[in-house]
Amino acid sequence: MQPIAKASAQTALRLLMFTIVGTLTLAFTFNVTHDKIAASEEAEKLNLIKQIVPQEKFDNAIMQDILNIPADPQLGNDQPTMAYRGRLQGQPSVLVVEAIAPDGYGGKIRFIMALQYDGTISGVRVVKHKETPGLGDYIDAAKSGWIKGFNGISLTNRQDKDWKVRKDGGQFDYMVGATVTPRAVVKAVHKAAQYYAQHRDELFAQQAVTPGSTTATSKE
């Protein structure tokens with residue numbers, strides 16, 4: 001029994017060593033790559049923001065002037081999401097908000113939306129969706145110009161009845177056979193614009209949060 005016990009102890013020790021080495025390796029890899037991944041994600045998000053917010057619209061560090069917005073039906077989110085504030089010469093100029101169209105054909109459609117201070121939409125970009133390839137995915141700016149149809153419109157130059165696809169009596173185009181997708185996006189963008197109109201002043205007045213946290217920090 002003694003040789004067996006000794007062999008079992010040696011095997012257990014080897015397994016323990018392998019576990020320790022593996023854990024240390026994973027921890028080291030995470031520490032080495034985490035900052036690089038975070039920087040890459042921030043660069044990608046900034047690039048997307050710059051697609052819908054011209055550089056001349058802000059001169060602050062827009063990726064640092066951020067808010068955590070609580071879940072709200074008008075934004076379609078059931079978890080807090082981020083908003084990025086652009087300022088020009090110290091004055092509020094544009095807000096980029098993350099929102100969700102919950103009723104896409106393939107499920108949730110996640111998008112970001114930039115609104116100028118007066119409520120005019122500067123741009124919309126879908127960041128994630130599961131719509132039918134070749135049909136519903138024409139909401140993707142890389143595959144179609146449809147999403148650019150929101151540029152320059154607002155609650156003041158469009159009536160509530162206009163915020164629908166043409167098939168439903170509105171002013172937005174759609175692809176035959178793929179009505180559900182644009183209908184969901186138009187509805188969600190309209191709601192997000194209404195949210196902004198109702199909360200604009202408080203959104204720009206709130207303290208910024210430290211990136212990656214939910215704690216407010218005072219702005220200089």
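**Entry 1: a word to start with**

I call a residue buried when its relative accessible area is under 20%. Trp146 comes out at 13% relative accessibility, so I write it down as buried. I should add at once that I am looking at a predicted model.

**Entry 2: the sheet**

I started with the strands. I found five of them in one open sheet, running in the order β1-β2-β3-β4-β5 with antiparallel pairing. As a reminder to myself, strands of a sheet pair through backbone hydrogen bonds, either parallel or antiparallel.

Which strands are at the edges? They are β1, residues 66–69, and β5, residues 121–128, and each of these pairs on one side only. I also looked up the turn between neighbouring strands of this sheet, and on average it is 25°, direction ignored.

Then I picked one pair to follow. Strand β4 covers residues 107–116 and is joined to β5 by six bridges in the antiparallel sense. Going down to single residues, I saw that Arg110 has Lys128 in β5 as its bridge partner.

**Entry 3: the helix on the sheet**

Next I asked myself which strands helix α2 touches. Helix α2, residues 180–205, packs on the sheet and touches β1, β2, β3, β4 and β5. The direction of α2 makes about 145° with that of β3.

**Entry 4: the cores**

I moved on to the nonpolar residues. The largest nonpolar core has 35 residues. Phe111, Met113, Ile121, Phe150 and Val189 are the ones with the most contacts inside this core. At least two residues each are supplied by β1, β3, β4, β5 and α2. Where does the largest share come from? I traced it to α2, which gives eleven residues.

Another core lies apart from this one; it has 14 residues, including Phe58, Ile62, Val96 and Val209.

**Entry 5: the rings**

I counted five aromatic pairs in the structure. In one of them, the ring centres of Tyr138 and Trp146 are 5.8 Å apart and the planes stand at 85°, so I noted an edge-to-face pair. The cut-off I used here is that planes over 60 degrees apart count as edge-to-face. Tyr138 is buried too, at 7% relative accessibility.

The rings of Phe150 and Phe172 gave me another arrangement to sketch: their centres are 5.1 Å apart and their planes are at 35°, so this pair is tilted. Both residues lie in the loop between β5 and α2, so the pair ties together parts that are 22 residues apart in sequence.

Is Phe150 buried or exposed? I found it buried, with a relative accessible area of 0%. Phe172 is buried as well, at 6%. Looking around Phe150, and skipping residues up to four places away in sequence, I listed contacts with Ile121, Val124, Trp163, Phe172, Val185, Val186 and Val189.

Stepping back, I could gather Tyr138, Trp146, Phe150, Trp163 and Phe172 into one aromatic cluster.

**Entry 6: two last stops**

What lies over the face of Tyr117? I found Arg200 there, at 3.9 Å from the ring centre.

My final stop was Thr179, which sits in the loop between β5 and α2. Thr179 has a relative accessible area of 9%, so I put it down as buried. With neighbours within four places in sequence left aside, Thr179 is in contact with Val165, Lys167 and Tyr174.

Key: Residues are numbered from 1 along each chain as its sequence is written. This is a predicted model: local features need pLDDT of at least 70, side-chain atom pairs count only at pLDDT 80 or more; totals for chains, interfaces and linings use all residues. Side-chain values use heavy atoms; hydrogens and water are left out. Two strands pair if DSSP finds at least two bridges between them. Helices (H or I, at least four residues) and strands (E, at least two) are DSSP runs, numbered from the N terminus. Axes are lines fitted to C-alpha atoms, for helices over the stretch in contact, and angles run from 0 to 180 degrees between N-to-C directions. Contact means heavy atoms within 4.5 Å. A nonpolar core is a set of buried Ala, Val, Leu, Ile, Met, Phe, Trp, Tyr and Cys residues joined through side-chain atoms within 4.5 Å. Buried means under 20% relative accessible area, exposed over 50%, partly exposed in between (1.4 Å probe, protein chains only). Rings of Phe, Tyr and Trp (its six-membered ring) pair if their centres lie within 6.5 Å; planes under 30 degrees apart count as stacked, over 60 as edge-to-face and the rest as tilted. A charge sits over a ring if NZ of Lys or CZ of Arg is within 6 Å of the ring centre and within 35 degrees of the ring normal.
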